[in-house]
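Let's take a walk through this protein chain, starting with the overall picture and ending with a handful of residues. Keep the sequence and the 3D view open as you read.

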Amino acid sequence: MSWGTELWDQFDNLEKHTQWGIDILEKYIKFVKERTEIELSYAKQLRNLSKKYQPKKNSKEEEEYKYTSCKAFISTLNEMNDYAGQHEVISENMASQIIVDLARYVQELKQERKSNFHDGRKAQQHIETCWKQLESSKRRFERDCKEADRAQQYFEKMDADINVTKADVEKARQQAQIRHQMAEDSKADYSSILQKFNHEQHEYYHTHIPNIFQKIQEMEERRIVRIGESMKTYAEVDRQVIPIIGKCLDGIVKAAESIDQKNDSQLVIEAYKSGFEPPGDIEFEDYTQPMKRTVSDNSLSNSRGEGKPDLKFGGKSKGKLWPFIKKNKGATPEDFSNLPPEQRRKKLQQKVDELNKEIQKEMDQRDAITKMKDVYLKNPQMGDPASLDHKLAEVSQNIEKLRLETQKFEAWLAEVEGRLPARSEQARRQSGLYDSQNPPTVNNCAQDRESPDGSYTEEQSQESEVKVLATDFDDEFDDEEPLAAIGTCKALYTFEGQNEGTISVVEGETLYVIEEDKGDGWTRIRRNEDEEGYVPTSYVEVCLDKNAKDS
């Protein structure tokens, strides 16, 4: 089955067919290109959808996501973000492995087709030229033969005429011979050209055209194979991301299975538990006693006198049933004394934790400045050590302020938890809980411990004890050795550490972890002996040593 032998006379149709094949290939490239655009658009919409439903930072909505069902929803959003990334991978791979490759192949194919058909036309033009030469020699041979016949007839006529001179007869004879010789030459030329044409025609139809058409056939078959391979690649690109997409879906299923309704119920208790005991029975108030006519005036007046306190008590007890229906519309007290005991304890603990984190950050910053100052002392050309004194004093002052603030909130927390001597339970309930019913007794803890000029005061022994502890802690902290590495981490992205206390990292760089993320989103790392600082935890992949984890 060869186009050269079967389609030897279909040059024009083959030219049209091969052009159609290139058009089909370009149509397939356009199809794949539109598919990549759809994948990118779909991935973008999925990412926007995931981002739209992510909880906003530092908002009430973020606090609600402590429930397992909400955490599962967050996991679903994160998995959908990864799911979108796989559709971007599909788009990128199809563009690089199919579109770019086929576009280059189409250009090569067009060039090859043009070259083959150029050779075919050149062969056609050559055989046509040979045919014209043959026709020309044939007509010349025919014309010379006729001229020779006429010259021979004229000679014979002159030779038979007795009135013609011998010279005229000889001239006619010579003319006839010349014409006869020209006919013989034309015959020989025609014969030679005919033989040459037959040879060229045989070569054209049995060698040149078959070879050219065979090349065109091979070119077309390669095109067909190439488009088939591209279709396989098209499917394979999709198939490659199926395992990762499956993991994303497995992650969603795992998140759904992690939902714990009992845990969520317990969180509701922790969120809204007031710490109060349910109200007791209400005593019966007898309003019929003043209406009795049989009693004496004295007993009536006594009943009325005794009834008034009962009425007041009744009015107050009615308000004590649900003390939080009337919310304090004023500013929230600093010690959260307007909250129920349990909620107040949680708020104070949260505040203490926040202050401790701020203290730790300031202390780390102080360490960094101190180390920088030491470097400047050792290498004066790098900077002036005295230029850091102001910053160091400012950081130390901030630490002291934060510690005093922490001590204040820890004292309130200790009072709530009953670790320090405090006012009686009844007085605390009246000041912290029943302020709406008994305004004169509203004195929160902050006011009890504030002097008339507004400064914070404590018992002298307690204050001196705290100061001694703080001083000892400072001395111990200043003399401590550099933190040992507890693991390693690899930078997933490049981070430019422009703020004090941070360190710049480059994507792919491996560093030492010296302090884990304490919940604030930052991990402390070290590059070498003198370079350390914080980087966002999400920017690195942390691998802790087993001993560090056990400890």
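What follows covers the whole chain, then two helix pairs, then four single residues.

**The chain as a whole**

First, a caution: this is a predicted model. The protein chain has 551 residues, and 30% of them count as buried. Its secondary structure adds up to 13 helices and 5 strands. If you take the contacts with a sequence separation of 6 or more, 72% of them are between residues 24 or more positions apart. As for the surface, the accessible area of the chain is about 37,000 Å², and carbon and sulfur atoms make up 51% of that.

**Two helix pairs that share α4**

Two packed helices are described by the angle between their axes and the distance between the axes. Here is how that works out for α4 with α2 and for α4 with α5.

| Helix pair | Angle between axes | Distance between axes |
|---|---|---|
| α2 (residues 11-52) and α4 (residues 68-160) | about 165° | 8 Å |
| α4 and α5 (residues 166-257) | roughly 175° | within 6 Å |

Start with α2 and α4, whose axes are 8 Å apart at an angle of about 165°. Because an angle over 145 degrees counts as roughly antiparallel, α2 is roughly antiparallel to α4. The crossing of these two helices is left-handed. What does the contact of α2 with α4 consist of, by residue class? There are 26 nonpolar residues in it, along with 11 polar and 10 charged ones.

Now for α4 and α5, which cross at roughly 175° with axes that come within 6 Å. That angle is why α4 and α5 are also described as roughly antiparallel to each other. Sorted by class, the contact of α4 with α5 holds 45 nonpolar, 21 polar and 23 charged residues.

**Residues on α4 and α5**

With the helices in view, you can pick out some individual positions. S75 sits in helix α4. Its relative accessible area is 29%, so S75 is partly exposed. Look across from there to V253: the two C-alpha atoms are 9.8 Å apart in space, although S75 and V253 are 178 residues apart in sequence.

D159 is also found in helix α4. Is D159 partly exposed or buried? At a relative accessibility of 49%, D159 counts as partly exposed. Between D159 and R173 there are 8.5 Å from C-alpha to C-alpha, with a sequence separation of 14 residues.

V169 takes us over to helix α5. V169 has a relative accessible area of 14%, and buried means under 20%, so V169 is buried. Which residues does V169 touch, leaving aside its neighbours within four places in sequence? V169 is in contact with F155, M158, D159 and V164. So D159, which we just visited in α4, is one of the contacts of V169. You can also check V169 against Y154, which is 15 residues away in sequence and 9.4 Å away between C-alpha atoms.

**A loop residue**

Last stop: D335, in the loop between α7 (297-321) and α8 (341-378). Is D335 buried or exposed? D335 is buried, with a relative accessible area of 0%. Its C-alpha lies 7.3 Å from that of F409, and 74 residues separate D335 and F409 in sequence.

Notes:
Residues numbered from 1 in each chain as written. Predicted model: local features only at pLDDT ≥ 70, side-chain atom pairs only at ≥ 80, totals over all residues. Heavy atoms only, no water. Helix = DSSP H or I, 4+ residues; strand = E, 2+ residues; numbered from the N terminus. Buried < 20%, exposed > 50% of the residue type's maximum accessible area, 1.4 Å probe, protein only. Contact = heavy atoms within 4.5 Å. Areas by Shrake-Rupley, 256 points an atom, 1.4 Å probe, with all protein chains shown as cover. Axes fitted to C-alpha atoms, helices over the stretch in contact; angles between N-to-C directions. Parallel < 35°, antiparallel > 145°, perpendicular 65-115°, else oblique. Left-handed = near helix turned anticlockwise from the far one by under 90°. Nonpolar A, V, L, I, M, F, W, Y, C, P; charged D, E, K, R; others polar.
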